[in-house]
Amino acid sequence: MTDYRRLRTQAGLADLQAWTRFELVGPQACDALDAVVGGNVRDLFEGRAANTLIPSSSGGIEAIVWVIALPENGYRIVGEPEDGEAVGRALAQSVAGRDAAIRDIRDETFALALIGPEAEKVAWKAFGDEVHSIAFLNVMPVGDPAVLAARIGYFGEYELHLFGEIERKQSIVDTLGKAADGDPLVVGDGALPTMMTEMGTLSRARDVPPDVSVFEAGLQWMIDFRKENLRSAEALEHEKRAVHRKCVLMVVDGNASDLRRQSVFIEDHELGRIQSAFDSETLGRSVALAYLTEELAIPGLTCVVGPARRRGETVSAPAFLGRSILENLG
């Protein structure tokens with residue numbers, strides 16, 4: 001069984017050790033973080049998480065992050081590995097002159113993601129009934145001694161992200177393995193980009209070119225435009241009026257090996273280009289993210305891709321119905 005198939009049909013444990021993790025603490029930690037991200041940190045209370053971004057000075061995106069509210073004016077900032085430098089730089093600039101401190105905690109903590117339709121059952125066997133009370137966007141300690149468990153999502157199906165001291169990593173892996181009746185849980189990270197794309201979840205490094213605005217990427221929902229301290233507010237307002245393309249999720253016939261940067265057409269009219277593409281075992285086709293002319297960047301559009309004129313269509317996210325969703329539908 002491939003790692004992808006395990007994650008989509010059973011349960012798997014992805015090691016996210018290389019992913020960005022900063023901790024921000026101090027009396028003015030909220031002020032420092034709120035000045036950096038687009039979301040409203042002041043409304044984020046302990047035990048909750050939010051998906052937001054760091055706008056660039058041009059109205060683009062420097063990083064896409066999850067913010068987790070911790071006790072005593074603390075926050076954990078989580079993101080993909082490629083965004084670590086940008087996140088660290090922005091936080092360092094914001095804490096200057098404020099009573100707050102940042103710390104890169106990647107080397108001293110672990111990050112694991114338990115994913116799949118059977119993942120909640122495995123987590124329940126490992127940590128007990130409290131796992132069932134962790135709703136999406138909720139965070140709480142589980143186990144004894146406790147690790148931090150967050151219901152945040154990149155990949156679809158059930159996801160439980162676990163954080164703790166690096167010395168405890170192997171014991172947590174072993175505990176989850178026993179809960180899965182000894183079935184090997186750990187998978188590689190090769191399947192994760194495909195799963196993110198199937199969900200329409202954007203990776204800043206892979207899916208958002210430097211010249212693409214927040215609005216063209218379709219991530220304006222991550223920003224509270226009512227914030228008085230909104231970073232790059234003037235540039236964002238300008239970009240809001242200058243949108244000429246939009247990011248859309250597509251499904252394309254054939255494999256993904258030669259799809260990236262291929263043009264998308266209706267008859268002989270070019271609409272835009274594929275930005276990233278992956279083979280989907282679930283769909284039996286390629287799943288891709290593309291930037292198309294704004295007025296045609298809508299679900300249900302039939303088109304052709306590249307010189308081979310491969311059939312494609314734009315779809316609503318997510319591009320698949322997972323097993324747990326199908327079971328709930330009966």
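**Note on pockets, salt bridges and selected residues**

1. The second largest pocket has a volume of about 250 Å³. The model under review is a predicted one. The lining of this second pocket comprises 14 residues, and those nearest its centre are Arg 76, Thr 109, Phe 163, Gly 164 and Glu 165. At least two lining residues come from each of strand S9 (147-150) and strand S10 (159-165). S10 provides the largest share of the lining of the second largest pocket, namely three residues. By residue class, the lining of the second largest pocket holds six nonpolar, two polar and six charged residues.

2. The largest pocket encloses about 640 Å³ of space. Its lining is made up of 41 residues, with Met 199, Gly 200, Thr 201, Trp 221 and Ala 317 lying nearest the centre. Strand S3 (49-55), S4, S12 and strand S17 (310-315) each contribute at least two residues to the lining of the largest pocket. Of the lining of the largest pocket, S12 supplies the largest share, four residues. The division by class is 26 nonpolar, 10 polar and five charged residues in the lining of the largest pocket.

3. Salt bridges deserve a separate point. The structure contains 25 of them. One of these joins Arg 231 to Glu 62, with 3.7 Å between the closest N and O atoms. Arg 231 sits in the loop between helix H7 (204-207) and helix H8 (233-240), whereas Glu 62 belongs to strand S4 (residues 61-70); the pair thus links distant parts of the chain, 169 residues apart. A network of salt bridges also links Glu 23, Arg 76, Arg 103 and Glu 108. Arg 76 of this network is among the residues nearest the centre of the second largest pocket.

4. Which residue forms a salt bridge with Arg 245? The partner is Glu 216, and the closest N and O atoms are 3.4 Å apart. Arg 245 lies in strand S12 (residues 245-252) and Glu 216 in the loop between H7 and H8, so the salt bridge ties together parts separated by 29 residues in sequence. Arg 245 counts as buried because its relative accessibility is 19%, which is under the 20% limit. Glu 216 is likewise buried, at a relative accessible area of 2%.

5. A salt bridge within a helix is found between Glu 85 and Arg 89, whose side chains meet at 3.8 Å, N to O. Why is the separation of Glu 85 and Arg 89 about one helical turn? The two residues are four places apart in helix H3 (residues 84-95), so about one turn of the helix lies between them. Glu 85 is exposed, with 63% relative accessibility. Arg 89 is partly exposed, its relative accessible area being 39%.

6. Helix H3 also holds Val 87. Is Val 87 buried or exposed? With a relative accessible area of 1%, Val 87 is buried. Residues up to four places away in sequence aside, Val 87 touches Thr 20, Phe 22, Ile 54, Ala 63, Val 65 and Ile 77. The C-alpha atoms of Val 87 and Val 65 are 8.5 Å apart, and the two residues are separated by 22 residues along the chain.

7. Asp 34 is part of helix H2 (residues 29-34). This residue counts as buried, at 2% relative accessibility. The side chain of Asp 34 comes to 2.9 Å from the backbone nitrogen of Val 41. Between the side chains of Asp 34 and Arg 42 there is a polar contact of 3.3 Å. When neighbours within four places in sequence are left aside, the contacts of Asp 34 are with Gly 39, Asn 40, Val 41, Arg 42, Lys 227 and Asn 229.

8. Ala 126 is located in helix H4 (residues 119-127). Which residues does Ala 126 touch, not counting those up to four places away in sequence? They are Thr 175, Leu 176 and Ala 179. Between the C-alpha atoms of Ala 126 and Val 212 there are 43 Å, the two residues being 86 residues apart along the chain.

How values were computed: Residues are numbered from 1 along each chain as its sequence is written. This is a predicted model: local features need pLDDT of at least 70, side-chain atom pairs count only at pLDDT 80 or more; totals for chains, interfaces and linings use all residues. Side-chain values use heavy atoms; hydrogens and water are left out. A salt bridge is a side-chain nitrogen of Lys or Arg within 4 Å of a carboxyl oxygen of Asp or Glu. Buried means under 20% relative accessible area, exposed over 50%, partly exposed in between (1.4 Å probe, protein chains only). A polar contact is a pair of N or O atoms within 3.5 Å; within protein, one must be able to donate a hydrogen and the other to accept it, and residues adjacent in sequence count only if both atoms are side-chain atoms. Contact means heavy atoms within 4.5 Å. On a 1 Å grid over the protein atoms alone, a cavity is a set of points where a 1.4 Å probe fits but cannot get out, and a pocket is an open set with protein on both sides within 12 Å along at least five of seven lines; lining residues have an atom within 4 Å of a point. Grid points are joined across faces, edges and corners, and a volume is the space filled by probe spheres set on the points. Ala, Val, Leu, Ile, Met, Phe, Trp, Tyr, Cys and Pro count as nonpolar, Asp, Glu, Lys and Arg as charged, and the others, Gly among them, as polar.
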